[in-house]
Each structure stands twice: as structure tokens, then as C-alpha cells.
Amino acid sequence: MRIRDLFFLLLAALALFFGLYACTSGGRLSSGGVLQQDWNQRRGPVVPHDNFPRDCSLCHEGGSWSRIRADFAFDHEKEAGTPLRGAHARAECLRCHNDRGPVQLFAGRGCAGCHEDVHRGKQGNQCADCHDETKWSIGDAIALHERTRFPLFGAHAAVECWRCHPGAQVGNFDRAATQCATCHQAELASATNPDHLAEGWTSDCQRCHSTVGWTSAAFNHSWWPLQGAHATPPRSCTDCHTSGSYSGLQSTCAGCHQANYDATMNPPHAAGNFPTNCQVCHGTAHWQPATFTHSGVGFELSGAHTSPPLACAACHVGGNYGVTLPTNCVGCHQVDYDATSAPDHAQLGIPTACAQCHTTAPHWHPVHMDHTGLVGTCQECHTPDYNSTSNPDHELQGYPLECAMCHSSSNNWHTVSWNPNTSHDPDFPLPHHGSRCNQCHTTTQVFTSFSCISGGCHGQSGTNGHHHDVNDYQYNSNACYECHPDGHAHDDLTGQSGRRGARSLPVRPSRATPGRRAPPRRIPGPARPQPPPPTPLRP
């Protein structure tokens, strides 16, 4: 084994021996490296200890005052009533118990009774606010600084104390100013983009800067919020504050964007005398798309004026954006008015106030015509509608031109309210035993002819049974109608012989000449159905 290795082995063994000796002997080393009951010679002569216990053998061995007992043991809390903790438990007894006076006198003064105030009284007398009994050094200065008026964040937390508190190396922590410029005059002088001193920006650095670093300044622009293209992509201050001017800058759009305004040709803003308050149509994200609110000019866009999206030039022809553009319908739609033939607006003199009948819905439909106050007949306007109707064919069937007899709505021809009391022949009132129209009017869309014995009505067997005692009875439609023109039976009639059941054909009294059969009465309305020519009576 080499000599060097042997030396380190012996040194380790010696350290182990002294450690075991100290533990078994009960002695404790002080912070000065000596036993508590001993005295560090570097501090000078041994201080008098007249007030110590009279039993010297507690600390000394017999035969010499310089030999101290290694097995010293003293329960301070039990014997003196005061527990010793931390560094106090390792301190030499003579550091407190000496000739300065009673130890109770100095203990009553707190820490300052024994320890010099290196802070010169400027940190107060509550040492425990920062220190504990274990060591003088401070464990978490950052947390302690939060109790002050200037908590440490960012770069401030990594700076040595003496950078802000000159003399901190020797415990001098005088109050430091909290204004940024007090410590950062050099940074202020070097800030030339923009030039802080020239602009008078010598205080309130926190308005733009944080404690993380001087770069990436973030100025609070809340008085004129930076949004959309004003903020992204990241803008430099000089994009708007040209020539280094940071005061007196205009806050209007045109103050920065007059060139954009003048160069806009679709539509031409300058020629159209557009206002320069650009936010009326534009947002801050992009110039396009623009959204002009038309309600502010007295002509709100709705219906076909907005969908599909119309270009401004669709109405503002020739770049006309002035007040001369008409706001009445016919100002733009005269061609539509002139081309309308059902009904012919121009020929009939229909007013050009289109909104009386039309809305802004596409294709001019639906139409809501208010007929109140109009004088004249339906056919004056609606003859083309009458002639073109095929279900049923009004013209072919000779329907009357009084449209209101069947059509009750002035907005929709399909809303039909046919009233049998006014629209059918009153000599043949309806309803007729619940029959449908096509049970009598068997020819499709022909209402001028009818049959009494078709459509499952009035079968021959049953009809014959009711007429076996009627003179000259015939089973055909003409004969039925001749006797029953009102559609009702006449069982109360008697024949010429006066016998019940010996009935003759009834004779309708004439409204003109008594005893003569009057022709059917005609009324306005659909042509009264006429039966086929009568069949000659059998001899």
C-alpha cells in the first residue's frame, strides 16, 4: 500500500475516533470548534465566571484548571428553565455567562442583548422577521421581500442585493427608491428607438416594459385600441408614428389612409363624395369585404335588393352615389312597369307606386293588391285572366264576368268561395239531396247542360214506382225537369179527376200571363243549364 493511501486511511480513522469520543463523552462542539464547556483561546483570556455554580468539577478535572471534562452534560432547560435551540444549543457557555452582568438582563433585550446590530437599527429590532436560531443567513430573501413595497419579480429576483442596496455586503439595507429611472438611467439614455428622452418618457416605465426584460415592450394602446390589421402582423410603432412623432397623431381613418381613399375606384370614393369616416363600411381586418349599412341613408335594402348579393354599381349606375339617385320604385324599374301585360299596367293606368301591391321579394311576387276605393268592374283589369282560365274554361262555359261571385280574395285567384245561393239558378236551389256537380253535369267542364237520371241519381226502377198513377209519365231527363223544375217532388198535387194519385203534369203559373208557362228567369251568373230538346210525348 502506498504511503499516501495509508495517510488518508489514518486520517479517516482519527476523525471517526474523535466523533465517537464526542458522542460517548456527551460533550458538544460549539460553532467555534471547541466544547461548550471550554473556551476558544482565539477570543482572548478566559472571562470571569463568578456567577457559575460553586462546584468546579462540573467542567474542570482535578489537578489543573486548564483540563476540561470531556463528559460534560448540563440540561439547560431543566436547571435554568430556558431551552437552548439551534446555534444557541452549540454555543460556549461563557459566551452568555460572563462578567458583563446577569444573563437575564441581556436576555430581556432580545437578540440585541448579545448580538451586534449590523443593520444599524434601520431594519427594526424584530430579528426573527428575517433570521432564526439556526443561522444568521437568510433562507428565502425573495419571499421576505414580498412584505415590502417592492416585491421582486423577473430580472429583479436574480439581481444581487447590493445592486439596489449599496452596502448590503455588510448588512446595510437602507431604503431604496422604487422608481425605475433611479436604477436604470443608463438604459433610459440608450433607448433611442424610439428616443425616450426626446419624447419625455422618463418615468412610468411599467406602462410599456415588464420586469422580465427591456425588449418586447407592450404599450397599452387602450385609448386607441389596436385591432385587426393595426395589430397583426406585429406592427412597429414607426408604421404609424412616422418621422419619430409620438404626439399629435390624428385618430381618424383618413389621417393615415387618405391615399387609400383617393385611390379607390370601385366605387370611386372621391368622385362619389364618400365620407372619410371609413369605419361606416370597413372593419380593421381588411378593406374588403365592405359592408355599408343602407338604413342610415333612408333607403334600407331588403329582399331582391340584397339577395343574390348585388354590387353597388347595379343601382348606382355611372358612378352616381350622390343625392340625385331616385328612391321611388319606378326610378329604377320603369322598364319592368312598361313590360307588364297581366295586367297591362301602362294601358290601365295603374299607379307607379309599386309598393302598393309589391314587396321587395324576388320576381315581384307575391302581389297584395288593396282594391279598397277602386271604381269599375273586374273585367276592366282581369279579362286576360278570365280568357286564359281553363279549369274550368270560363269563356267556353259562358261564366259571368262578375269575378267576385266566386273569387273572394283580391290577392289569389285560387281562393274560391262559390256560394250556391247566389251562383246557381235560384229556380233550382242547392243543395240537391247532397249531389255532386258532376252527377248532374256529366260532360267534363260543361255546365250548360245536365241530366236528371245520370250519375246514379233517380234510377228508373224507383222513379217508375213513384209515377205509376201519373198521366203521360215518361222516364227521361226532359220530362223530369218539365215536371220538377225546382228539383222537388209534388205529391200533394191531384189529377183533373180529383182522385188521389191520379196526377197530371203540373203547370207552372206564368209570371207574365196567367195560365201560360213562363220561361226560366235569368240572373247574372253562370249561364243557366238548359236540358236537351224535349222528347215528343207518346200518343
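**Close-up 1. His-316 reaches the backbone of Asn-320.** A polar atom of the His-316 side chain lies 2.9 Å from the backbone oxygen of Asn-320. Keep in mind, here and in every view below, that this is a predicted model. His-316 belongs to the loop between H8 and H9. Is His-316 buried or exposed? With a relative accessible area of 15%, His-316 is buried.

**Close-up 2. Phe-292 shares a nonpolar surface patch with two valines.** The members are Val-280, Phe-292 and Val-297, and together they offer about 240 Å² of accessible area. Phe-292 comes from the loop between H8 and helix H9 (330-339). Its relative accessibility is 39%, so Phe-292 counts as partly exposed.

**Close-up 3. Trp-201 and Tyr-246 meet edge-to-face.** Searching the whole structure turns up two aromatic pairs, and this view shows the one made by Trp-201 and Tyr-246, with ring centres 5.2 Å apart and 75 degrees between the planes. Both residues sit in the loop between helix H7 (196-199) and helix H8 (253-263), yet they are 45 residues apart, and the pair links distant parts of the chain. How much of each partner is accessible? Trp-201 has a relative accessible area of 31%, which makes this residue partly exposed, while Tyr-246, at 18%, is buried.

**Close-up 4. Phe-450 and Tyr-481 make an edge-to-face pair.** Here the ring centres are 5.3 Å apart and the planes stand at 65 degrees; the cut-off for edge-to-face is over 60, so the label fits. Phe-450 is in the loop between helix H14 (437-440) and helix H15 (460-466), whereas Tyr-481 is in helix H16 (residues 477-483), so the contact ties together parts that are 31 residues apart in sequence. Phe-450 and Tyr-481 are both buried.

**Close-up 5. Arg-163 puts its charge over a tryptophan ring.** The ring belongs to Trp-162, and the charged end of Arg-163 sits 6.0 Å from its centre.

**Close-up 6. Arg-67 and Glu-61 form a salt bridge.** The whole-structure search finds four salt bridges. In this one, the closest N and O atoms of Arg-67 and Glu-61 are 3.7 Å apart. Arg-67 is partly exposed at 39% relative accessible area, and Glu-61 is partly exposed too, at 38% relative accessibility.

**Close-up 7. Arg-69 bridges to Asp-71.** What separates the closest N and O atoms of Arg-69 and Asp-71? The gap is 3.0 Å. Arg-69 counts as partly exposed with 27% relative accessibility, and Asp-71 is likewise partly exposed, with a relative accessible area of 41%.

**Close-up 8. Asp-174 joins a network of salt bridges with Arg-120 and Lys-122.** The side chains of Asp-174 and Arg-120 meet in a salt bridge at 4.0 Å, N to O. Asp-174 lies in the loop between helix H4 (141-145) and helix H5 (180-183), and Arg-120 lies in the loop between helix H3 (103-107) and H4, so this pair ties together parts that are 54 residues apart in sequence. Lys-122 is part of the network as well. As for accessibility, Asp-174 is partly exposed, with a relative accessible area of 27%.

How values were computed
Residues are numbered from 1 along each chain as its sequence is written. This is a predicted model: local features need pLDDT of at least 70, side-chain atom pairs count only at pLDDT 80 or more; totals for chains, interfaces and linings use all residues. Side-chain values use heavy atoms; hydrogens and water are left out. Rings of Phe, Tyr and Trp (its six-membered ring) pair if their centres lie within 6.5 Å; planes under 30 degrees apart count as stacked, over 60 as edge-to-face and the rest as tilted. Helices (H or I, at least four residues) and strands (E, at least two) are DSSP runs, numbered from the N terminus. Buried means under 20% relative accessible area, exposed over 50%, partly exposed in between (1.4 Å probe, protein chains only). A charge sits over a ring if NZ of Lys or CZ of Arg is within 6 Å of the ring centre and within 35 degrees of the ring normal. Patches are made of residues with over 30% relative accessible area and no salt bridge: like charges are joined within 9 Å, nonpolar side chains (Val, Leu, Ile, Met, Phe, Trp, Tyr) within 5 Å. Accessible areas come from the Shrake-Rupley method with a 1.4 Å probe; for residues, only the protein chains shown count as cover. A polar contact is a pair of N or O atoms within 3.5 Å; within protein, one must be able to donate a hydrogen and the other to accept it, and residues adjacent in sequence count only if both atoms are side-chain atoms.
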